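Q: Hi, could you walk me through this one? I'd like to go chain by chain and ask things as they come up.
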Amino acid sequence: MRSLKFLVVLFFVFNSTFLNAQTENLSDKITKNLRCLICQGQSVHDSDSAFANSLKILVKKKLNEGLNEEQIYNFLKNKYGEWILYEPEFNKNTYLLWLLPIMMFLFGGAIIFKLFILKK
Amino acid sequence: MKNKIFPIILFAIFTTVFFVFYKGLQNSNIYIPMKNIEKNIPYVEIKKFASNDIINSNEIFQSDKFYLLNIWASWCVPCREEHKYLMALSKEKNIRVIGLNYKDKYKNAIFFLNELGDPYNLILQDQDGTVSIEWGAYGVPESFLIYNNKIIKKIIGPLSQNSLIQIKKLIK
Amino acid sequence: MSSLIGYYSLVFGLGLSFLIFFFSIKNFNNYQKLDLKIISFVFLQFLFVLISFLGLLISFVNSDFSNETVFNHSHSTKPLFYKISGTWGNHEGSLLLWLLVLTLFIFLFLLRSKDQPKKYRILTLLFQQIIIIGFFVFLLKTSNPFNYIFPVPKEGLGLNPILQDPLLAIHPPILYLGYVGTSVIFSSALAAISSNYISEIWASHIKKWILIAWIFLTLGILLGSIWAYYELGWGGFWFWDPVENVSLMPWLALTTLLHCVLVLEKRLILTSWVVILSISTFALSMCGTFLVRSGILNSVHTFANDPERGLFILIFLFILIFLSFFVFLFFYKKEKNTKTFFWLSKETSILINNWFMMYFLAVVLVGTTYPIFLEVISSEKISVGPPFYNKLIIPFLVPFLFAMAIGPKLKWIKSNIENKSYLILFFIISLILSVLIVRNLETNFLFNTVLVTAAFYLLFITLREFFNKKMINPSQNLAHFSFSLLILSILINNIFSFEIVTNLRVNETYESEKFKISFESIEQKKKQNFKTIVGKFTVEQVNGEVDIMRPELRIYNQPNIVTSEADIKINIFYDKFMTMNYVQNQDYFNIRYQFKPFMFWIWVSTLMLSLSGLLSFARGKYEK
């Protein structure tokens with residue numbers, strides 16, 4: 001049993017030479033979060049449409065001009081609306097969106113606790 | 001008593017969900033960014049079409065005059081269809097038609113204009129598509145009606161007889 | 001001709017529903033045994049739907065363009081295989097497939113439930129008939145596959161070339177076997193409530209159906225993801241697109257239900273919860289059908305954007321929900337739950353599984369439907385995409401994986417931790433391995449380490465169990481092992497994937513520290529219904545490896561679309577993925593080369609997951 005574990009470890013260590021952990025660059029991170037507006041459900045990063053290609057160039061330009069991630073999102077939000085961002089912001093429109101699942105988690109935990117653990 | 005409340009709440013929730021979905025069906029799910037109606041025009045520096053000189057939006061758009069910025073390309077099929085409306089507009093005294101040539105080759109664009117006519121007071125070029133995005137466009141053809149440095153109407157897709165009439169009304 | 005037969009077959013099929021109702025009600029209070037006439041009517045109904053389905057199929061094969069569906073979705077130059085699969089590759093045909101499986105499954109249910117109480121069987125049949133009638137009416141009124149057009153067009157409008165793929169051809173039938181399987185569970189649960197049959201025996205009986213639905217749903221989702229990876233060209237396999245979410249939600253509910261039924265099989269607890277899950281799973285299936293076919297959501301995979309049809313499904317769905325509500329409220333007798341769980345027991349670990357699974361379900365449900373609510377209430381339109389789902393789900397995977405590792409080790413009712421030193425040892429090994437693997441990552445190092453540790457932990461615990469001579473539950477172990485392998489593969493794929501994007505003309509070369517990509521040549525050919533342009537690329541790596549990649553562009557004539565076909569080189573450690581695309585107005589191509597580790601294991605582990613279900617099904621008896 002022990003020897004098996006050792007072999008598995010060895011196997012991974014040897015093979016991890018082909019694995020190089022990649023930190024993605026900022027441009028890619030941003031374009032992955034943008035919706036390609038003329039596609040049917042693809043990010044700007046993944047799409048090869050004319051719009052997506054233009055947007056990729058624009059994002060690089062803006063980064064070179066010194067804008068940070070949030071500023072670029074704001075810039076695009078002003079042009080196209082929040083629809084273009086895949087990660088919904090946390091504002092009065094979306095409090096429920098972000099909080100409802102967690103509330104349900106706590107609620108579920110409370111039910112389990114009350115119904116099954118507390119009946120002593 | 002307690003037992004009755006829970007089903008009632010659940011019933012109410014489901015009924016609400018039903019009505020929301022019902023209402024949701026009525027709405028179109030094609031999103032057209034109409035957000036920048038009555039918004040200010042962007043400040044951009046654009047290359048002129050023929051000369052590669054750079055001009056900026058302050059120099060192009062003066063107050064108290066109507067402009068139609070039309071994004072077009074020689075390879076774009078609907079652009080051919082809308083061209084006659086642009087020619088008609090170019091004859092109007094109140095409005096100046098500005099062309100933004102999108103991802104196009106100079107030769108092909110000139111050929112297109114020679115064939116169908118040149119309605120543009122000024123032509124600019126957008127080789128990489130970023131200028132169009134500054135304007136909040138996302139395809140070609142698209143047109144913007146501008147007055148006093150504000151966008152008063154945005155037309156997505158080719159101009160039609162209808163849009164021509166609407167524009168004419170607005171520029172009186 | 002075949003369309004005519006197809007249409008009237010449907011009408012007769014619907015008519016049979018009334019016969020079935022009549023004789024079922026008559027048989028309900030009379031006679032001990034189930035009237036055999038009823039079973040023959042049910043079979044006949046299936047037969048009529050089958051004839052109808054074949055009628056549509058024949059119309060497709062013959063390119064009979066007098067049939068509106070065939071006209072809209074086929075073309076005479078289409079290869080035969082895709083003419084056949086075109087039958088269910090459209091809205092009307094796919095609904096006919098739904099109906100086919102609905103009628104088949106209820107027939108099989110009657111055949112395989114001979115030792116169950118008569119009243120329960122009849123009620124299951126009747127509840128299923130309500131669903132069947134709903135589908136018949138939906139088809140005949142709003143989605144008739146046999147509309148006649150005159151004058152008969154000479155040629156069809158063609159099937160979308162992206163759908164001309166062998167994987168995608170079998171994906172709907174397999175997926176529907178899963179979706180429709182949940183209908184039997186639904187009908188059975190309502191029947192069991194109405195006839196006061198919720199018991200350990202019922203749980204044991206329905207477990208088989210749950211397994212069947214689960215196996216096919218898992219496979220169906222797998223096929224869809226594989227197709228997305230090979231065909232769509234972006235190198236990904238899951239995008240949290242509404243259609244994907246809509247298949248994941250019933251899967252989550254079904255998996256949860258499976259775990260609960262394993263408890264119910266032994267002890268009479270969690271009964272109301274099992275019933276609620278049984279109803280919800282099918283409701284989620286139907287809700288999914290609604291979301292995807294009504295046009296209310298925008299997605300990659302939109303079927304039929306017709307609000308009229310959407311309205312029908314919506315009303316039908318809520319009739320079913322309110323019906324279940326009604327039945328539950330008036331007929332359900334809650335058992336006296338005087339038992340409690342000892343905190344360290346298998347029952348508790350299943351509760352924890354439920355707790356987390358319902359949370360995951362909530363995340364997907366809220367994420368998918370929230371934009372609809374927001375738009376109706378405030379006219380604001382937002383997108384909910386991968387970042388949302390990743391942020392809310394991934395952190396919770398850590399405790400979930402640990403619970404999956406320890407849960408099966410606990411005994412029913414009460415458990416002690418003794419002689420379990422390996423539990424700690426494995427944790428340490430997992431942690432070390434994880435740090436070694438993630439070490440070069442700059443961002444999120446801690447988070448990724450914890451995640452990979454948890455996945456390894458589950459992997460090792462389940463792996464060790466395979467060598468246990470006294471292994472009591474091989475199918476469960478295989479399932480948990482496969483799941484750990486799946487998560488681990490996805491994590492490794494995520495952390496270690498990279499891509500090179502560049503623009504090249506023929507004879508140009510891209511060079512970086514580690515790669516050299518040369519655009520050698522381009523070749524054009526004409527095929528049956530498209531023209532193909534293949535680019536030949538030589539990819540050299542700094543370690544000496546050389547590959548020749550041939551990504552392809554296809555220009556279809558009917559309809560006029562250009563698709564990009566990736567060239568993928570597969571081995572068990574990694575995939576090499578390359579696509580080539582036109583750039584508007586330029587003479588160069590946009591080249592994307594991706595390196596994707598462990599894709600093979602993502603597919604294999606999911607396949608193993610569904611096989612574990614099959615193993616459980618085949619073993620049949622109680623599993624401890």
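Q: How many residues do chain B and chain C each bring to the contact?
A: The contact takes 17 residues from chain B and 20 residues from chain C. Two residues are in contact if their C-beta atoms, placed from the backbone, lie within 7 Å. This is a predicted model, where local features need pLDDT of at least 70, side-chain atom pairs count only at pLDDT 80 or more, and totals for chains, interfaces and linings use all residues. Residues are numbered from 1 along each chain as its sequence is written, with chains lettered from A and ligands numbered from 1 in the order in which they are written.

Q: And on the chain B side, how many are nonpolar, polar and charged?
A: The side of chain B that touches chain C has ten nonpolar, three polar and four charged residues. Here Ala, Val, Leu, Ile, Met, Phe, Trp, Tyr, Cys and Pro count as nonpolar, Asp, Glu, Lys and Arg as charged, and the others, Gly among them, as polar.

Q: What are the scores of the model?
A: The ipTM is 0.89 and the pTM is 0.92. Chain C has a mean pLDDT of 89, with 94% of its residues at 70 or more; pLDDT is the predictor's confidence in each residue, from 0 to 100. Chain A averages 84, and 78% of its residues score at least 70.

Q: Which element of chain A has the lowest mean pLDDT?
A: That is helix 1 (residues 2–15) of chain A, at 61, while helix 3 (residues 50–64) of chain A has the highest, 93. Where pLDDT is low, the predicted coordinates should not be read in detail.

Q: How many helices and strands does chain A have?
A: Chain A has five helices and zero strands. Helices (H or I, at least four residues) and strands (E, at least two) are DSSP runs, numbered from the N terminus. The domain assignment, which is automatic or from a database, gives domain 1 (24–87) and domain 2 (90–120) for chain A. Taken over C-alpha atoms, the centres of domain 1 and domain 2 of chain A are 34 Å apart.

Q: Over to chain C. What domains does it get?
A: The assignment gives domain 1 (1–164), domain 2 (168–411) and domain 3 (498–600) of chain C. In chain C, 29 residues of domain 1 are in contact with 27 residues of domain 2. On the domain 1 side of chain C, helix 6 gives the largest share, ten residues. By class, that side of domain 1 of chain C has 18 nonpolar, ten polar and one charged residues.

Q: In what order do the four strands of the open sheet in chain C run?
A: The order is 1-10-9-8, with antiparallel pairing. Two strands pair if DSSP finds at least two bridges between them. The edge strands, each pairing on one side only, are strand 1 (498–504) and strand 8 (567–570) of chain C. Strand 8 of chain C is joined to strand 9 (residues 574–582) of chain C by four bridges, and C:Lys569 stands opposite C:Lys576 in strand 9 of chain C.

Q: Any odd backbone spots? Which peptide bond in chain C is cis?
A: The bond joining C:Phe150 and C:Pro151 is cis, with omega about 5 degrees. C:Pro151 lies in the loop between helix 6 and helix 7 (166–194) of chain C. In chain B, the bond from B:Val140 to B:Pro141 is also cis, with omega near 0 degrees. Most residues other than glycine have a negative phi, and most peptide bonds are trans.

Q: What about C:Ser379, is that buried or exposed?
A: C:Ser379 counts as exposed because it has 8 C-beta neighbours inside 10 Å. A residue is buried if 20 or more other C-beta atoms lie within 10 Å of its own, exposed if 12 or fewer, and partly exposed in between, with C-beta atoms placed from the backbone. C:Ser379 has a positive phi of about 60 degrees although it is not a glycine, and it sits in the loop between helix 12 (346–378) and helix 13 (386–406) of chain C.

Q: Last one: what does B:Lys47 touch?
A: Not counting residues up to four places away in sequence, B:Lys47 touches B:Asn52, B:Ile54, B:Leu124 and B:Gln125. B:Lys47 lies in strand 2 (residues 45–48) of chain B, and it is partly exposed because 16 other C-beta atoms are within 10 Å.
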